[in-house]
Amino acid sequence: MSTPTVLCFGEVLWDCLPAGLFLGGAPGNVAYHLKRHGCEPYFASAVGNDFLGDEIRRRAAGWGLSTDLLATVENAPTGVVQVDATSPTKPVYTIVDNVAWDQIPATVALLDGARSADAVVFGTLALRHGYNRATLDGLLAETQALRVLDINLRPPFTAPDVLDFALTRADILKLNDQEIAGVGSPEPSVGELPALAESWAMRYDLKAVCVTCGAHGAGLWSGGEWNWVDGRVVTVKDTVGAGDAFLAALLAGLLRGDGDKEALIAACRTGEFVASRDGATPAYDAADILG
């Protein structure tokens, strides 16, 4: 089987944590972990013409990631997020607006990359402005790739129209137990999740819906079947990027044809490992985590 190729579209930025600056943003995080799970990832984003943008390119190259789809925007700075990790399991994010990744251009290289991709991963945060929504539509028009959406609701960037835009363009959806119930609704029990996942799938014509429940575990609805994997107890350092690591391992398994349950197990173990380390992109070998 050929190596799965995945295009990761959206924000790339620096997470400012107590332990230092960590390269973050969902697409970069997912790309990092896809690489460790045997895929060939490309992250499509934009940085400013500044030191932090240059350092993102250097760091990505050090990880073995291609920066061919990482554009430079002259009139905006590289993105930065202040992360308050006072509560390790519930970090608080302050996301700077109007930064370089809000203006990802539809370059020839990006459209070519979309045409050859086996999957395209995108989230809701990078779609907070119309510019990137237009770019995403342009690249999706060029590809038959699997479309994977990871909802990333970060107040105040939670507009319903953005969520609907993203959902109507997805094949596979990943979200957490709070998001699946809806804003203001009580957190659902594990027993309620299969029906909720199926309702989202029916509403938006999705092939699969994955629901993460933190330390409790995660479930996957696909083709009318529900699989659940219990979480394992770990000592949490911070949960920044754990969901991105989970998604990367899940998608890698699905693209390889490992089976829903096997892919879900790998996703849970990878997410737990990352939560037990500082930052979103700790060094590891996937074989060591998965046994």
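## A tour of the helix contacts, the cavity and a pocket

Begin by selecting Leu-146, which lies in strand S9 (residues 146–150); strands (E, at least two residues) and helices (H or I, at least four) are DSSP runs, numbered from the N terminus. The model is a predicted one, in which local features need pLDDT of at least 70 and side-chain atom pairs count only at pLDDT 80 or more, while totals for chains, interfaces and linings use all residues. Residues are numbered from 1 along each chain as its sequence is written, and side-chain values use heavy atoms, with hydrogens and water left out.

With Leu-146 still selected, add Asp-171, which is 25 residues away in sequence but 6.4 Å away in space, C-alpha to C-alpha. Apart from neighbours within four places in sequence, Leu-146 is in contact (heavy atoms within 4.5 Å) with Asp-118, Ala-119, Val-120, Asp-171, Ile-172, Lys-207, Leu-251 and Leu-255.

Next, select helix H8 (residues 242–256) and helix H9 (residues 260–275), whose axes come within 7 Å and cross at roughly 155°; axes are lines fitted to C-alpha atoms, for helices over the stretch in contact, and angles run from 0 to 180 degrees between N-to-C directions. H8 is therefore roughly antiparallel to H9, where angles over 145 degrees count as roughly antiparallel, under 35 as roughly parallel, 65 to 115 as roughly perpendicular and the rest as oblique. On the H8 side, the residues to display are Ala-242, Ala-245, Phe-246, Ala-249, Leu-250, Gly-253 and Leu-254, and they meet H9 residues including Ala-263, Leu-264, Ala-267 and Val-274. The residues of this contact between H8 and H9 divide into 13 nonpolar, three polar and one charged, with Ala, Val, Leu, Ile, Met, Phe, Trp, Tyr, Cys and Pro counted as nonpolar, Asp, Glu, Lys and Arg as charged, and the others, Gly among them, as polar.

Keep H8 on screen and bring in helix H1 (residues 26–36), since the axes of H1 and H8 come within 8 Å and cross at roughly 50°, and the two helices are therefore oblique to each other. Ala-26, Asn-29, Val-30, His-33 and Leu-34 of H1 make the contact with Asp-244, Ala-245, Leu-247, Ala-248 and Ala-252 of H8, a set that holds seven nonpolar, two polar and one charged residue.

From H1, move to the largest cavity, which has a volume of about 90 Å³. A cavity is a set of points, on a 1 Å grid over the protein atoms alone, where a 1.4 Å probe fits but cannot get out, whereas a pocket is an open set with protein on both sides within 12 Å along at least five of seven lines; lining residues have an atom within 4 Å of a point. Grid points are joined across faces, edges and corners, and a volume is the space filled by probe spheres set on the points. To see the lining of the largest cavity, select Cys-8, Phe-9, Glu-11, Ala-26, Pro-27, Val-30, Val-121, Phe-122, Gly-123, Asp-150, Asn-152 and Asp-244, and note that strand S1 (5–9), H1 and strand S8 (119–123) each give two or more residues to it. By class, this lining has seven nonpolar, two polar and three charged residues.

Finish at the second largest pocket, which holds about 150 Å³ of space and is lined by Pro-160, Leu-163, Asp-164, Leu-167, Ser-199, Trp-200, Arg-203 and Tyr-204. Helix H5 (160–167) and helix H7 (193–204) each supply at least two of the lining residues.
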